[in-house]
Amino acid sequence: MAIKLENVGIAVDDLEATIAFFVDLGLTVIGRDTVSGEWTDTAVGLDGNHANIAMLETPDGQGHIELFEYIHPEAIATAPTLPNEIGMHRVAFSVDDIDAALAVAAEHGCHPLRGVANYRDIYKLTYVRGPSGIIVMLAEELQS
């Protein structure tokens, strides 16, 4: 059986703000839609499922994020995930300039949870709390 990662889906409370954050980091919106009906009820497992969605793609065309904002049923707010909680943890991106990426994130009110770390002189990396509480890891590979 062949398998490949299709996308990572993230429910958000403000679709436009979250799109703006990821677009400013360098992703491209490749599709938008409003979905509802029996097929979405079946696929997602929620009666009356109705959502606005956006599909974003990384510049290399390999990574995809599907953002969705529920119209119905009402979205359930939860506390933002902590780095050590079990479950969906974070979305991670390689960047060529972590300082530039952090400047973009800051324009959206998003800042590192603690700071920028150096992993064995291989990567500079950090976790940023993004829109809707999403943890976004940014990693810059250091040149030897």
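Me: In this predicted model, which residue of E4 is the bridge partner of Ile10?
Reply: E1 and E4 pair in the parallel sense, and 4 bridges hold that pairing. Within this pairing, the residue of E4 that serves as the bridge partner of Ile10 is Leu67.

Me: In what order do the 4 strands of the open sheet stand, and which are its edge strands?
Reply: The pairing in this open sheet is mixed, and the strands follow the order E1-E4-E3-E2. Neighbouring strands of the sheet are turned by 20° against each other on average, with direction ignored. An edge strand pairs on one side only, and that description fits strand E1 (8-11) and E2.

Me: Which residues of helix H1 are buried, and on what arc around the axis do they lie?
Reply: In helix H1, which spans residues 15-25, the buried residues are Leu15, Thr18, Ile19, Phe21 and Phe22. Elements that cover them include strand E2 (28-36), strand E3 (50-57), strand E4 (64-72), strand E5 (91-95), helix H3 (98-107) and strand E8 (135-141). The buried residues of H1 are on the same side of the helix because they cover an arc of only 160°.

Me: Is Thr18 buried or exposed, and what is its relative accessibility?
Reply: Thr18 lies in helix H1, and, leaving aside residues up to four places away in sequence, Thr18 touches Val12, Leu67, Pro131, Ser132 and Ile134. Buried means under 20% relative accessible area. Thr18 therefore counts as buried, with a relative accessibility of 0%.

Me: Which residue has its backbone nitrogen approached by a side-chain oxygen of Asp14, and what phi does Gly26 take?
Reply: At the start of H1, a side-chain oxygen of Asp14 comes to within 3.3 Å of the backbone nitrogen of Glu16. Just after H1 stands Gly26, whose phi is positive, at about 125°.

Me: Which residues of H3 are buried, and what arc do they fall within?
Reply: The buried residues of H3 are Ile98, Ala101, Leu102, Val104 and Ala105. Among the elements that cover them are H1, E5, E7 and E8. Seen down the axis of H3, these buried residues line one face of the helix, because they fall within an arc of 155°.

Me: Where does a side-chain oxygen of Asp97 reach, and what is the phi of Gly109?
Reply: The side-chain oxygen of Asp97 reaches, at the start of H3, to within 3.1 Å of the backbone nitrogen of Asp99. Just after H3, Gly109 has a positive phi of about 75°.

Me: Which residues touch the most other members of the largest nonpolar core, and which residues does Phe93 touch?
Reply: Nonpolar side chains tend to be buried together in soluble globular proteins. The largest nonpolar core here has 23 residues, of which Phe22, Ile65, Leu67, Phe93, Val136 and Leu138 touch the most other members. At least two residues of this core come from each of H1, E3, E4, E5, H3 and E8. Not counting residues up to four places away in sequence, Phe93 touches Phe22, Leu27, Thr58, Ile65, Val136, Met137, Leu138 and Ala139.

Me: How many bridges join E6 to E7, and which residue in E7 is the bridge partner of Tyr119?
Reply: Strand E6 (residues 117-119) and strand E7 (residues 123-129) run antiparallel and are joined by 3 bridges. The two form a hairpin with 3 residues between them, and Arg120 in the turn has a positive phi of about 50°. The bridge partner of Tyr119 in E7 is Tyr123.

Me: Is Asp121 buried or exposed, and what is its relative accessible area?
Reply: Asp121 lies in the loop between E6 and E7, and, although Asp121 is not a glycine, its phi is positive, at about 55°. Asp121 is exposed, because its relative accessible area is 59%.

Me: Which residue in E8 stands opposite Arg129, and what phi does Ser132 have?
Reply: E7 and E8 run antiparallel and are joined by 7 bridges, and the residue of E8 opposite Arg129 is Ile135. These two strands form a hairpin with 5 residues between them, and in its turn Ser132 has a positive phi of about 60°.

Me: Which residue does a cis peptide bond join to His72, and what is omega?
Reply: The residue in question is found in the loop between E4 and E5. The cis bond joins His72 to Pro73, and omega is about -10°.

Methods. Residues are numbered from 1 along each chain as its sequence is written. This is a predicted model: local features need pLDDT of at least 70, side-chain atom pairs count only at pLDDT 80 or more; totals for chains, interfaces and linings use all residues. Side-chain values use heavy atoms; hydrogens and water are left out. Buried means under 20% relative accessible area, exposed over 50%, partly exposed in between (1.4 Å probe, protein chains only). The arc is that of the directions from the helix axis to the C-beta atoms. Contact means heavy atoms within 4.5 Å. A polar contact is a pair of N or O atoms within 3.5 Å; within protein, one must be able to donate a hydrogen and the other to accept it, and residues adjacent in sequence count only if both atoms are side-chain atoms. Two strands pair if DSSP finds at least two bridges between them. A nonpolar core is a set of buried Ala, Val, Leu, Ile, Met, Phe, Trp, Tyr and Cys residues joined through side-chain atoms within 4.5 Å. Axes are lines fitted to C-alpha atoms, for helices over the stretch in contact, and angles run from 0 to 180 degrees between N-to-C directions.
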